[in-house]
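Please examine the sequence and the structure shown here before reading on. The explanation then proceeds from one part of the chain to the next.

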Amino acid sequence: MAVEVAPVSRLDWSRNAAALTDPSWWQGKLKPRPAVDWYLTRVDSAMQKLKRRLGEAAEAGSDGAPISMLTHSAGGWLGRVYLLDWGVAGVDRFVSLGSPHAPPPEGVLDQTRGILTWVNQAAPGAFHDSVSYTTICGRFVRGESLTGGGAPAPDAAVAATAAAARAAASGALSSASDLEEPRLGSTAEVAAARAAWIAKFAGAGYQQVCGKAEVWGDFIVPQPAAHLDGATQVDLEGVFHSPLGEQLPFFGPWYGSPQILEQWVHHLTGEAAPQGQVAAVPSAVRVAAP
């Protein structure tokens, strides 16, 4: 299998600050181009390189198979912009992992400053008939309202850990080493407080994306925003948004963890679903973690 990856570092995302000079940013009516052209051109560079490799393989008598486009997080809606503007020639599959596809409801600040609204108006749902779309979302934690009841009295270290965990999962911290283990009384108290505050911080983030805190999601992206109409929708139980989940005992595996990868990779390759799992259908599919 030939693979090409668009190289994007955390520092690269600072390029988005250039959009601050566009009045549309302040009006909440920003369009993806030219704001994210830096990202799209990198995707195209990788795509063209892959097409050349596949062309050479076909000339040599090997399989010059169609291309599957795999995206994660913001790469999902950015990938949709790429397919809309650069075309779908050679692409027959699109798979997103924990991507916020739906724009926030009215009254909720759009963190993309209008881009998500534009994308969903220009290319709603599984837009291209020739492309098979699959949207995958982890069900790691059900969010809770910050003002709701049910949380033990917050220990400062527990609250700070939950906040730092969300920052690290979304790329604001460099690694799990930036987090400190909270200090409370008993192990049970630590676990209960941690779970409650993880749910609250997740809920605060979910609310900024879909307008609701008390929904399921992968700690960063809420399930209601992660799926596209007309796509095969897959929900994975216990799956965290980023690789940080593997580094801390109170989180869990992420989309790329081996035991999770085997649950969804057939949507990318077009192979049959593993024995015991539901085959891909154009509706919601839930896959429970073993």
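The paragraphs below treat a strand and its crossover, a helix, the nonpolar cores and a glycine in a loop.

The structure is a predicted model. A suitable starting point is strand β1, which comprises residues 67-72. In a regular strand the side chains alternate between the two faces of the sheet. Strand β1 shows this alternation: Ile67, Met69 and Thr71 point to one face and are buried, whereas Ser68, Leu70 and His72 point to the other face and are not buried. The partner considered here is strand β2 (residues 91-97), with which β1 pairs in the parallel sense over 6 bridges. Within β2, arginine 93 is the bridge partner of serine 68. Between the two strands the chain passes through helix α4 (residues 75-86), and the resulting β-α-β crossover is right-handed.

How far apart are the end C-alpha atoms of α4, and what span should its 12 residues have? The end C-alpha atoms are 15 Å apart; at 1.5 Å a residue the helix should span 16 Å, so the two values agree. The helix is mostly covered, with 9 of its 12 residues buried. Among these buried residues are Gly75, Gly76, Trp77 and Leu78, together with Arg80 and Tyr82. Glycine 87 follows α4 and has a positive phi, near 95°.

The discussion now turns to the nonpolar interior. In soluble globular proteins, nonpolar side chains tend to be buried together. In this model the largest nonpolar core has 31 residues, and Ile136, Val141, Phe219, Leu236, Phe251, Tyr255 and Trp264 are those with the most contacts inside it. Two or more residues are given to this core by each of β2, β3 (132-139), α7 (187-210), β6 (232-237) and α9. Helix α7 supplies the largest share, 6 residues. A second core, separate from this one, has 29 residues and includes Ala35, Leu40, Met69 and Phe94. Met69 has already appeared among the buried side chains of β1.

The final site is glycine 252, located in the loop between α8 (244-247) and α9 (258-269). Is this glycine buried or exposed? Glycine 252 counts as buried because its relative accessibility is 10%, and the cut-off for burial is under 20%. Apart from its neighbours within four places in sequence, glycine 252 is in contact with Phe140, Phe240, Gly245 and Glu246. Its C-alpha atom is separated by 6.9 Å from that of glycine 238, a residue 14 residues away along the chain.

Methods
Residues numbered from 1 in each chain as written. Predicted model: local features only at pLDDT ≥ 70, side-chain atom pairs only at ≥ 80, totals over all residues. Heavy atoms only, no water. Helix = DSSP H or I, 4+ residues; strand = E, 2+ residues; numbered from the N terminus. Buried < 20%, exposed > 50% of the residue type's maximum accessible area, 1.4 Å probe, protein only. Contact = heavy atoms within 4.5 Å. Pairing = 2+ DSSP bridges. Right-handed = clockwise from strand over helix to strand, strands pointing away. Core = buried A, V, L, I, M, F, W, Y, C linked by side-chain atoms within 4.5 Å. Expected span 1.5 Å × (residues − 1).
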